[in-house]
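Work through these exercises with the sequence and the 3D view open. Try each task before you read its solution.

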Amino acid sequence: MMKRLFNNNLTLKIISVLIAFVAWLLVIENMDRESYATFRDISIDMTNVEESISTLGLNSISPDVELANVNVSGVMYAVGNLKKEDISVAPDVSKVTGAGVYELPLVGTIKNAGSEVQISSVVPSRITVRFDTLHSKTLAIESSLNGLKSEVGYLIQDELVNPAQVTVTGPEAEVSRINRCEIRTEVSEKLKETYSKKSAIVLLDKNGTEISSDNITMDVSEATVTIPVLKIRDIPVELQFINVPDHFPLDELNFTLSKEEIPVAGVEASVDKYASILLDHIDFKQMGIGSSYAFPVQLQMGFRNIENIQSVQVTLDGEGLSSRRMDLENVHVINVPLGYKAEPLAESLTGVELIGDSALLESLTAGDIVCEVDMKSSSEIAEGQILMPVKIYDPMGRLVWAKGSYEVVVAISVD
């Protein structure tokens, strides 16, 4: 009979409805029951604390606890739907009136909560917070180098620190203890190129003792020390000349230099390409036996004169040289423009001082020397008489030159 009963569809439907009704009654009963839960490691919110105490000119320093556990109770469904993010914990600062150490109660709050769930307790229930006036100080970052050496032939320059300064902030009593700061660098190898290293900034008191405090903050915690290293090379000094006679054998002149080479430091790739240090020009028109010059030393940009040699004394060696005054003939004009003719009004130069090889000057005749006016040197060509310079030289390219400047008047006319 029971088998027939369960095989009856109507009976089965009635039994299912009864079971569902009983289950619903059980759920309704349990939903109204009180439930409990614990939410762990909730960050203690100090935002409102800072806003509240800022009106007193204070800042919070180092709370001893940063996380709290919160116990809640309420109807089952409300507790079950609650999330950790729905709960906030903050200290009550209503009793803070000035700088000092306070034991503050922790207050838990459920965001957007009704009366169906409440906070039972916060663990810990109180935290210790120090309130103080913050003070800032800006310090130059010094560098402390140990083991610094260079390879032979290289120059270590003053180190650079970047950033150059740091701003420290903290309780006034602690910040006032800071006297200076530095980064410490241990260099283990001999340097032959620029060296850089980043290191932590260390705070020191007036006795050089390191200061360590969780209450002090720095706007930067590290700095980089850069040690520029330059290569040293002896750079030859080079003479320059102006108004050199045509065909003149410069290599037959002998000069005595107070410094023929100057030690120069620079970046290795650049100093290796530095060919010579050019001195100011020697003017042949003013150069006589024993002429002496003090030329300033000027280096190219980016190089360092490590011996600080400010000038080079240059003296013409007069051994084997002599001077002689002669009257020179056959002054002529060259490079006359097409359509013009030009004639010097004086066909000779008198009292020209010639300097050169002693043996050569003894046998020299006026016809051995060329005196010419080059019309290319004139900026304008016009009819009339123009005073123009005369070039004097030995066409054979021997060791002789004229000291001084010489001019003649040239008559120009249309051809």
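The exercises below cover aromatic pairs, sheets, a buried acid and salt bridges.

This is a predicted model, where local features need pLDDT of at least 70, side-chain atom pairs count only at pLDDT 80 or more, and totals for chains, interfaces and linings use all residues. Residues are numbered from 1 along each chain as its sequence is written, and side-chain values use heavy atoms, with hydrogens and water left out.

**Exercise 1. Classify the aromatic pair of Tyr-102 and Phe-131, and place both residues.**

Step 1. Start with the rule. Rings of Phe, Tyr and Trp (its six-membered ring) pair if their centres lie within 6.5 Å; planes under 30 degrees apart are stacked, over 60 edge-to-face, and the rest tilted. The structure holds eight aromatic pairs.

Step 2. Apply the rule. The rings of Tyr-102 and Phe-131 are 5.7 Å apart, centre to centre, with 70° between the planes. The pair is edge-to-face.

Step 3. Place the residues. Helices (H or I, at least four residues) and strands (E, at least two) are DSSP runs, numbered from the N terminus. Tyr-102 sits in strand β5 (residues 100-110) and Phe-131 in strand β7 (residues 126-132). They are 29 residues apart, so the pair links distant parts of the chain.

Step 4. Check burial. Buried means under 20% relative accessible area, exposed over 50%, and partly exposed in between (1.4 Å probe, protein chains only). Tyr-102 has 18% relative accessibility, so it counts as buried. Phe-131 has 1%, so it is buried too.

**Exercise 2. Which parts of the chain does the pair of Phe-284 and Trp-401 tie together?**

Step 1. Read the geometry. The pair is edge-to-face, with 5.7 Å between centres and 80° between planes.

Step 2. Locate each partner. Phe-284 lies in the loop between β20 (277-283) and β21 (292-296). Trp-401 lies in strand β31 (residues 400-403). The pair therefore ties together parts that are 117 residues apart in sequence.

Step 3. Add burial and company. Phe-284 is buried at 1%, and Trp-401 is buried at 1%. Both belong to one aromatic cluster with Phe-241, Phe-248 and Phe-255.

**Exercise 3. Describe the sheet that contains β23.**

Step 1. Order the strands. Two strands pair if DSSP finds at least two bridges between them. Here three strands form an open sheet in the order β18-β23-β21, with antiparallel pairing.

Step 2. Find the edges. β18 (255-257) and β21 each have a single partner strand, so one side of each is left without a neighbour in the sheet.

Step 3. Look at one pairing. Five bridges join β21 to strand β23 (residues 311-316). Ser-292 has Thr-315 in β23 as its bridge partner.

**Exercise 4. In which sense do β25 and β28 pair?**

Step 1. Set the scene. An open sheet of three strands runs in the order β25-β28-β30, and its pairing is mixed.

Step 2. Answer. β25 and strand β28 (residues 370-374) pair in the parallel sense, over four bridges. His-332 stands opposite Glu-372 in β28.

**Exercise 5. What lies around the side chain of Asp-205?**

Step 1. Locate the residue. Asp-205 is in the loop between β13 (195-204) and β14 (210-211).

Step 2. Look for a charged partner. A salt bridge is a side-chain nitrogen of Lys or Arg within 4 Å of a carboxyl oxygen of Asp or Glu. Asp-205 is buried but has no salt bridge. The nearest side chain of opposite charge, Arg-177, is 4.6 Å away. For charge, Lys and Arg count as positive, Asp and Glu as negative; His and the chain ends are not counted.

Step 3. Look at the backbone. A polar atom of the Asp-205 side chain lies 2.9 Å from the backbone nitrogen of Asn-207. For the backbone nitrogen of Thr-209, the distance is 2.8 Å.

**Exercise 6. How many salt bridges are there, and where do Lys-391 and Asp-246 lie?**

Step 1. Count. There are 14 salt bridges.

Step 2. Examine the pair. Lys-391 and Asp-246 meet at 3.4 Å, N to O. Lys-391 is in strand β30, and Asp-246 is in the loop between β17 and β18, 145 residues apart.

Step 3. Check exposure. Lys-391 is partly exposed at 32%. Asp-246 is partly exposed at 29%.

Step 4. Find a network. Shared salt-bridge partners join Glu-142, Arg-180, Glu-182, Arg-184 and Glu-210 into one network.

How values were computed: A polar contact is a pair of N or O atoms within 3.5 Å; within protein, one must be able to donate a hydrogen and the other to accept it, and residues adjacent in sequence count only if both atoms are side-chain atoms.
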